[in-house]
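This report describes selected features of the structure shown below. Domains, salt bridges, individual backbone positions and a surface patch are taken up in turn.

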Amino acid sequence: MRAELSRITAPRTKVGLVAGGLGAYWPQFPDLLPQLKHSSERVSERMRALGCEVVDVGFISDAQEGAVAAEKLRAAGCDIIVGFLTTYMTATMLLPVAQRSGAPVLLINLQPTESMDHATFDTGQWLAYCGACPLPEMANTFIRCGIPFRSVSGYLEDERAWAKIGRWVKAAGVRAALRRGRHGLMGHLYPGMLDVATDLTLVPANLGGHVEVLEFDDLRVRVEKVTDAEVTERMDLARDVFELADTVNDDDFSWAARVSVGLDRLVEDFSLDSLAYYHRGLDGEIHERLGAGMILGASLLTARGVPSAGEYELRTSLAMLIMDRLGGGGSFTELQALDFARGHVEMGHDGPAHLAISSKRPLLRGLGVYHGKRGWGVSVEFDVTHGPVTAFGLLHRPDGRFGLVVSEGEVVDGPLLRIGNTTSRVDFGCDPGEWTDAWSATGISHHWALGTGHRAAELRAVADLLGVDLIEVQP
């Protein structure tokens, strides 16, 4: 994203790391422990290279040391616990770590190299490659104790294995962002959108976190305090970020800038990590004007890491947050049309958008009317960066459980409408009608997030850590 839109700082994922092996080996094979500790130091180094905070409690050799490590990791409040199986170790050494932390557990078995030198290795050298041996024991014990776990096996510099480990760390960061998140919900439901309605208790029940119910008056009082100098500064920022169409009216532009500054204060005052909003308003009164002036500020916030969705779409603002934390942006999206001649699904939305994933400099267009909504003003228009993308939404099941719905495609070239909407052509590799039927059959609402990159593997990890189902649409 452009330098002017610095992201709002989010806490780093906190990874608890413990390595271990069976202490009975150390007097028998004096060279073994130093080698294993060297490997554990390398794992700690590579973990830090993933951009996370690592709480490394060192190397354990027996159950007593395991209990001490467990207490340190419990007190640290980690987002994920990584147990490095360097050689054989008993399950009782790691079980308390998993039981006490309350965090998801990842077991890693990374032997020193791709293969042993069988002709020259003695028993001590073989044992450094024996991390696979205790993995079934750990799995059996954890399952019998009701502790979910996941594992990655490979070798120390195995990029395939580290890609998997990185996915689990990313997923843990998403889980943590949801569990400590504060999600604003401002205004009221768009009348008649039954699929959008969400029981607010289901958010902490399924994902954790807190939903802060806001009034548009919470925004109004902050907008009233915005100075003319702040409006000018925000308009200058918008001119740097956007191309302005000749339809942009100065009064509408300055009003959107004023609302944008007030919106930033609202987010700061309530410590919001995401926002969903809608207000119908009437006859040009202040609440209608506030609702109509949201698009610029909501788009700037989304690009800075606070996803903001219109039409009171709480589950989609959460989906946008998940996609953003995975690095895929995540823009407010719905179906717009099907192009059977080209085999494309056209999707996007009027209103706020994730500017960081625009294919080029986004356009700010002035509109005399917002279709289906009251008010007028400026709106954002762009096409998502061409290449791999993922459509992703949160499913609300009849039993109250959430699920994830995912489909990977590719944004491709083609004609686009110029009506102040985000619009992208997505090729899902099949007939667009068949994809639309399969996508709708999942029970997804009519809004979702569209993000860059193929994210199904990462989202499977997120679903695992959240304990929810994932449906992948591949017609």
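Helices and strands are here DSSP runs, numbered from the N terminus, with at least four residues (H or I) for a helix and at least two (E) for a strand. The model is a predicted one. In these terms, E311 belongs to the loop between β10 (308-309) and α14 (314-325).

**Two positions with positive phi**

E311 is not a glycine, yet its phi is positive, at about 55°. Because its relative accessible area is 6%, E311 is classed as buried. S271 is likewise not a glycine and has a positive phi, of about 50°. The loop that holds S271 runs between α11 and β9 (274-278). With a relative accessible area of 44%, S271 is partly exposed.

**Domains and their interface**

The domain assignment divides the protein into domain 1 (14-178) and domain 2 (181-472). Taken over C-alpha atoms, the centres of domain 1 and domain 2 are 40 Å apart. To the contact, domain 1 contributes 11 residues and domain 2 contributes 18 residues.

The size of an interface is often expressed as the accessible area lost when the parts come together. Between domain 1 and domain 2 this buried area is about 1,300 Å², and carbon and sulfur atoms give 71% of it. Which residues of domain 1 supply more of the area buried against domain 2 than any other three? They are K170, V174 and L178, which supply 48% of the area that domain 1 buries there.

Polar pairing is also found at this boundary: two salt bridges cross the interface of domain 1 and domain 2. In a salt bridge between the side chains of K170 and E458, the N to O distance is 3.1 Å. K170 thus appears both in this salt bridge and among the three residues named above for buried area.

**Salt bridges**

How many salt bridges does the rule count? The count comes to 30. The table gives four of the pairs, with the N to O distance for each.

| Salt bridge | N to O distance |
|---|---|
| R46 and E159 | 3.0 Å |
| R220 and E224 | 2.9 Å |
| R258 and D228 | 2.9 Å |
| K170 and E458 | 3.1 Å |

The salt bridge between R46 and E159 links distant parts of the chain, with R46 in helix α2 (residues 32-49) and E159 in helix α7 (residues 159-179), 113 residues apart. Is R46 buried or exposed? R46 counts as buried because its relative accessibility is 15%, and the cut-off for that class is under 20%. Its partner E159, at 48% relative accessibility, counts as partly exposed.

In the pair of R220 and E224, the closest approach of N to O is 2.9 Å. R220 is partly exposed, since its relative accessible area is 24%, whereas E224 is exposed, with a value of 54%.

R258 and D228 also form a salt bridge, with their closest N and O atoms 2.9 Å apart. R258 is in helix α11 (residues 250-269) and D228 in helix α10 (residues 228-241), so this pair ties together parts that lie 30 residues apart in sequence. D228 is exposed, because its relative accessible area is 56%.

Beyond single pairs, salt bridges with shared partners join R42, E45, R46, E157 and E159 into one network.

**A buried asparagine**

N206 is located in helix α8 (residues 202-206). Its relative accessible area of 15% is why N206 is classed as buried. Which residues is N206 in contact with, leaving aside neighbours within four places in sequence? They are G400, R401, F402 and L466. The C-alpha atoms of N206 and G467 are separated by 8.4 Å, although the two residues are 261 residues apart along the chain.

**A nonpolar surface patch**

L335, L338 and F340 make a nonpolar patch of about 250 Å² on the surface. Within this patch, L335 has its place in strand β11 (residues 329-339). L335 counts as partly exposed because its relative accessibility is 32%. Membership of a patch requires over 30% relative accessible area, and the 32% of L335 satisfies that requirement.

Note on methods: Residues numbered from 1 in each chain as written. Predicted model: local features only at pLDDT ≥ 70, side-chain atom pairs only at ≥ 80, totals over all residues. Heavy atoms only, no water. Patch = residues over 30% accessible without salt bridge, like charges linked within 9 Å, V, L, I, M, F, W, Y side chains within 5 Å. Areas by Shrake-Rupley, 256 points an atom, 1.4 Å probe, with all protein chains shown as cover. Salt bridge = Lys/Arg side-chain N within 4 Å of Asp/Glu carboxyl O. Buried < 20%, exposed > 50% of the residue type's maximum accessible area, 1.4 Å probe, protein only. Domains from an automatic or database assignment. Contact = heavy atoms within 4.5 Å. Buried area = accessible area lost by both parts, 1.4 Å probe.
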